[in-house]
Amino acid sequence: MMASTSRTMRGVIQLAVHVRGSKSTRMSLPYSPWPTNSPDLKPIEKLWDHLDRVVRAIDPQPCNLAQLATALESAWLNIPVNTFRNLIDSLPARLAAVRNAKGGYSSF
């Protein structure tokens with residue numbers, strides 16, 4: 001699975017998700033700049049956490065860099081498209097929570 005983004009002139013982010021063996025899914029999201037250091041607003045952080053949990057659950061654990069790379073690639077390719085969609089759909093609530101917390105800690 002590959003995801004690519006592009007910012008358009010109208011303030012909309014075009015997101016294309018390519019899943020091996022199926023059609024691409026395209027989504028348009030309103031673009032809103034957010035603080036670069038807020039982990040609550042970085043969906044990729046949730047994906048890194050997911051990958052970490054999946055790889056740590058592998059038995060036996062990868063023993064070298066090549067095995068780790070293979071495990072991470074496999075985990076990444078097997079993330080359900082719905083996971084990406086849920087992260088995207090949660091962005092408005094994340095933005096509101098960070099705004100309400102005035103940039104501080106939020107429940108996300």
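What percentage of the 108 residues in the chain do buried residues make up? The share is 25% in this predicted model.

**Figure 1. Overall arrangement of the chain in the predicted model.** The secondary structure comprises four helices and three strands. Read from the N terminus, the elements follow the order β-β-β-α-α-α-α. Of the contacts with a separation of 6 or more, 40% join residues 24 or more positions apart.

**Figure 2. Confidence along the chain.** The mean pLDDT of the chain is 75, with 59% of its residues at 70 or more. Confidence is highest in helix H2 (residues 65–77), at a mean of 93, and lowest in strand S1 (residues 2–7), at a mean of 44. The pLDDT is below 50 over residues 1–11, a stretch that nevertheless has 31 contacts in the model beyond near neighbours in sequence.

**Figure 3. The largest nonpolar core.** Eight residues form this core: Leu47, Leu51, Val55, Ala71, Ala75, Ile79, Phe84 and Leu87. Helix H1 (43–56), H2 and H3 are the elements that each contribute two or more residues to the core. The largest share, three residues, is provided by H1. As a general background to this view, nonpolar side chains in soluble globular proteins tend to be buried together.

**Figure 4. Surroundings of Leu47.** Leu47, a member of the largest nonpolar core, touches Trp76, Ile79, Thr83, Phe84 and Leu87 when residues up to four places away in sequence are not counted. Among these partners, Ile79, Phe84 and Leu87 are also listed in the core.

**Figure 5. Packing of helix H3 against helix H4.** Two packed helices are described by the angle between their axes and the distance between the axes. For H3 (residues 81–89) and H4 (residues 91–100), the axes come within 5 Å and cross at roughly 35°. Leu87, Ile88 and Asp89 make the contact on the H3 side, and Leu91, Pro92 and Arg94 make it on the H4 side. By class, the contact has four nonpolar and two charged residues, and no polar ones. Leu87 also belongs to the largest nonpolar core.

**Figure 6. Environment of Arg94.** Arg94 is found in helix H4 and takes part in the contact of that helix with H3. Is Arg94 buried or exposed? Arg94 has a relative accessible area of 5% and is therefore buried, the cut-off being under 20%. The side chain of Arg94 makes a polar contact with the side chain of Ser90, at 2.8 Å.

How values were computed: Residues numbered from 1 in each chain as written. Predicted model: local features only at pLDDT ≥ 70, side-chain atom pairs only at ≥ 80, totals over all residues. Heavy atoms only, no water. pLDDT = per-residue confidence, 0-100. Contact = heavy atoms within 4.5 Å. Axes fitted to C-alpha atoms, helices over the stretch in contact; angles between N-to-C directions. Nonpolar A, V, L, I, M, F, W, Y, C, P; charged D, E, K, R; others polar. Buried < 20%, exposed > 50% of the residue type's maximum accessible area, 1.4 Å probe, protein only. Polar contact = N/O pair within 3.5 Å; in protein donor to acceptor, adjacent residues only side chain to side chain. Core = buried A, V, L, I, M, F, W, Y, C linked by side-chain atoms within 4.5 Å.
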